[in-house]
Amino acid sequence: MPSKLLDALLLAMPLPPVLETWRQHLKNQLPYPVQGAQTLFIGDPTLVIVVFQHDKVEVLLPAIQWRHHDIHTAKPTSQGVITAHNGTLEQLLALVENTIALRLKSFHECSCCGTRSAPETLGSLQGEPVCRHCIKGRRVLF
Ligand SMILES: [Zn+2]
């Protein structure tokens, strides 16, 4: 499977300097915890996913769906691609910020304490969203 081999080789290659600069900027300048290397997971819970490839950067909105109790699957949706040739760090940051704003809009308020939490971290109490902290110790099915 030549294309998979090529993908593997490209992934193993260091990023071009401009993309490495952008990556370092995201890792060091954003007011959120960042995990990952070539794919950055920004925020806890993840607010935005930034995938660095050999000549471009893709920004993804995490959209996590409940499957069963604690098991959820991530189905991120692409918000845009910035190429190393035509793109700028400003464009990338704008895309990242817009995606974070979109993600925060999907957060819900806990009906007990009022904290806004990611939908995948909220449980339900008599039909109202309740955060993990408030639901702890209660015998409630998610
Ligand atoms: Zn709460």
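The face of helix H3 turned away from its buried side carries the exposed residues Glu90, Glu97, Asn98 and Lys105. This helix offers a convenient entry into the structure, which is a predicted model. The buried residues of H3 are Leu89, Leu92, Leu93, Leu95, Val96, Thr99, Ile100 and Arg103. Because these buried residues cover an arc of only 160° around the axis, they are on the same side of H3. The general geometry of helices bears on this pattern: an α-helix has 3.6 residues a turn, so residues three or four places apart point the same way. The length of H3 can also be checked. At 1.5 Å a residue, its 17 residues should span 24 Å, and this agrees with the 24 Å that separates its end C-alpha atoms.

One residue of this helix shows what the buried side meets. Thr99 lies in H3 and has a relative accessible area of 1%, so it counts as buried, the cut-off being under 20%. Apart from residues up to four places away in sequence, Thr99 touches Leu47, Val48, Val59, Leu60, Leu61 and Gln79.

The view may now be widened to the whole protein. Its secondary structure comes to four helices and eleven strands. Of its 142 residues, 31% are buried. Among contacts with a separation of 6 or more, 36% are between residues 24 or more positions apart.

The largest nonpolar core has 23 residues, and those with the most contacts inside it are Trp22, Leu26, Val50, Phe52, Leu92 and Val96. Two or more residues of this core are given by each of helix H2 (17–29), strand E2 (39–42), strand E3 (48–52), strand E4 (56–61) and helix H3 (89–105). The largest share, six residues, comes from H3. Val50 illustrates how these parts meet: leaving aside its neighbours within four places in sequence, Val50 is in contact with Leu26, Gln38, Thr39, Leu40, Ile42, Val57, Glu58, Leu92 and Val96. A second, separate core of seven residues includes Cys110, Leu125, Val130 and Cys131.

Two of the residues in that second core, Cys110 and Cys131, lead to the zinc ion. The protein donors of the ion are the SG atoms of Cys110, Cys113, Cys131 and Cys134, lying 2.3 Å from it. The angles among the four donor atoms are 106 to 113°, and the site is tetrahedral. In sequence, the spacing of the donor residues is C-x2-C-x17-C-x2-C. Cys110 lies in the loop between strand E8 (108–109) and strand E9 (116–117), while Cys131 is in strand E11 (residues 128–131), so this pair ties together parts that are 21 residues apart in sequence. Cys110 counts as buried at 3% relative accessibility, and Cys131 is likewise buried, with a relative accessible area of 7%.

Finally, two details of the backbone deserve attention. The peptide bond from Asp44 to Pro45 is cis, with omega near 0°. Pro45 has its place in the loop between E2 and E3, two strands that each give two or more residues to the largest core. The other detail concerns Gln126, which has a positive phi of about 50° although it is not a glycine. Gln126 is found in the loop between strand E10 (122–125) and E11. With a relative accessibility of 79%, Gln126 counts as exposed.

Terms used
Residues numbered from 1 in each chain as written. Predicted model: local features only at pLDDT ≥ 70, side-chain atom pairs only at ≥ 80, totals over all residues. Heavy atoms only, no water. Donors = N, O, S within 2.8 Å, 3.2 Å for Na, K, Ca; no water. Tetrahedral: all angles 85-135°; square planar, octahedral: opposite > 155°, others 65-115°. Buried < 20%, exposed > 50% of the residue type's maximum accessible area, 1.4 Å probe, protein only. Core = buried A, V, L, I, M, F, W, Y, C linked by side-chain atoms within 4.5 Å. Contact = heavy atoms within 4.5 Å. Expected span 1.5 Å × (residues − 1). Arc of directions from axis to C-beta.
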